[in-house]
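Let's take a walk through this chain together. Have a look at it first, and then we'll go from helix to helix.

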Amino acid sequence: MTKTSQFKFSLLAAAALALPMDSALALDKAQHKAEKERVEAAYKADKAACDALKDNAKDVCVQEAKAKEKVAKAELDASLSGKPSDQEKLAKVKADTAYEVAKEKCDDKAGNDKDVCVKEAKATKEKAMADIKAAKKSQSARADAPDDKRDANYKLAKEKCDALSGDAKDACIANAKAQNGKS
């Protein structure tokens, strides 16, 4: 698998993580604080390991360490709240950090190769962001579906009631409202 393919795969995987998380998995605040401190310590260790490198290799190493820290913190925030919006933020952070790392790696190249590398990284990020947006719209559509179904059922039941008259029609409409959550 090429580095470009790995990058694309990681961004697509990040977009897939935009799905809602089970709130039962949410961390309590004390665990969250301890994990945050662990992430910060890991970042310092990762960044210190970069000191042995030179030139762009060092820059890439530092960018990867920063990306790892940002993603880990976003994962912690998402696990603390369990909110779909935090899952979406996590996916965006993953896409953004993967792009920043890929862009830094492009600095090793020159001329058209560098331009192509940067544009490919940007295009992959834009695709991931589009996937995140589509997942959000899909979640919204799933949330609206029960209301839409109830409305359709109510309209059908009301139409059936139109064949009746008087008290029977009134009772039919009242029953349709009750069954479909209308007041």
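Which residue follows α3, and what is the sign of its phi? It is G82, with a positive phi near 75°. Keep in mind as we go that this is a predicted model.

Let's step back for the overall picture. The chain comes to six helices and zero strands, so reading from the N terminus on, you meet α-α-α-α-α-α. Of its 183 residues, 28% count as buried. And if you take the contacts between residues at least 6 apart in sequence, 68% of them join residues at least 24 apart.

Now for α3 itself, a good place to get your bearings. This helix covers residues 55-81, which is 27 residues. At 1.5 Å a residue it should span 39 Å, and its end C-alpha atoms are 40 Å apart, which agrees. One residue to look at here is D55, which lies in α3. Phi of D55 is near 55°, a positive value in a residue other than glycine. That's worth a pause, because most residues other than glycine have a negative phi. D55 is also exposed: its relative accessible area is 68%, and the cut-off for exposed is over 50%.

Next, see what packs against α3. On one hand there is α2, residues 29-50, and the axes of α2 and α3 come within 9 Å and cross at roughly 175°. The two helices are therefore roughly antiparallel to each other, since angles over 145 degrees count that way. From α2, the residues making the contact include H32, V39, Y43 and C50. From α3, they include C61, V62, A65, L76 and L80. Charged residues take part too, among them K29 and E35 of α2 and K58 and E69 of α3. By class, the contact of α2 with α3 divides into nine nonpolar, one polar and 12 charged residues.

On the other hand there is α4, residues 84-106, which packs with α3 at an angle of about 175°, the axes being 9 Å apart. That makes α3 roughly antiparallel to α4 as well. This contact has eight nonpolar, five polar and 10 charged residues.

Moving along the chain, we reach α5, residues 111-161, where K122 has its place. Is K122 buried, exposed or something in between? With a relative accessible area of 42%, K122 is partly exposed. K122 and E100 are 22 residues apart in sequence, and their C-alpha atoms are 9.2 Å apart in space.

Finally, head for α6, where I173 lies. Leaving aside neighbours within four places in sequence, I173 is in contact with Y154 and C161. The C-alpha atoms of I173 and C161 are 6.2 Å apart, with their positions 12 residues apart in sequence.

Our last stop is N180, in the segment after α6 (166-179). Its relative accessibility is 7%, so N180 counts as buried, the limit being under 20%. What does N180 touch, not counting residues up to four places away in sequence? The list is R150, N153 and Y154. Y154 is thus a residue that I173 contacts and that N180 touches. N180 also has a partner earlier in the chain: a polar atom of the N180 side chain lies 2.9 Å from the backbone oxygen of A176.

Note on methods. Residues numbered from 1 in each chain as written. Predicted model: local features only at pLDDT ≥ 70, side-chain atom pairs only at ≥ 80, totals over all residues. Heavy atoms only, no water. Helix = DSSP H or I, 4+ residues; strand = E, 2+ residues; numbered from the N terminus. Buried < 20%, exposed > 50% of the residue type's maximum accessible area, 1.4 Å probe, protein only. Polar contact = N/O pair within 3.5 Å; in protein donor to acceptor, adjacent residues only side chain to side chain. Contact = heavy atoms within 4.5 Å. Expected span 1.5 Å × (residues − 1). Axes fitted to C-alpha atoms, helices over the stretch in contact; angles between N-to-C directions. Parallel < 35°, antiparallel > 145°, perpendicular 65-115°, else oblique. Nonpolar A, V, L, I, M, F, W, Y, C, P; charged D, E, K, R; others polar.
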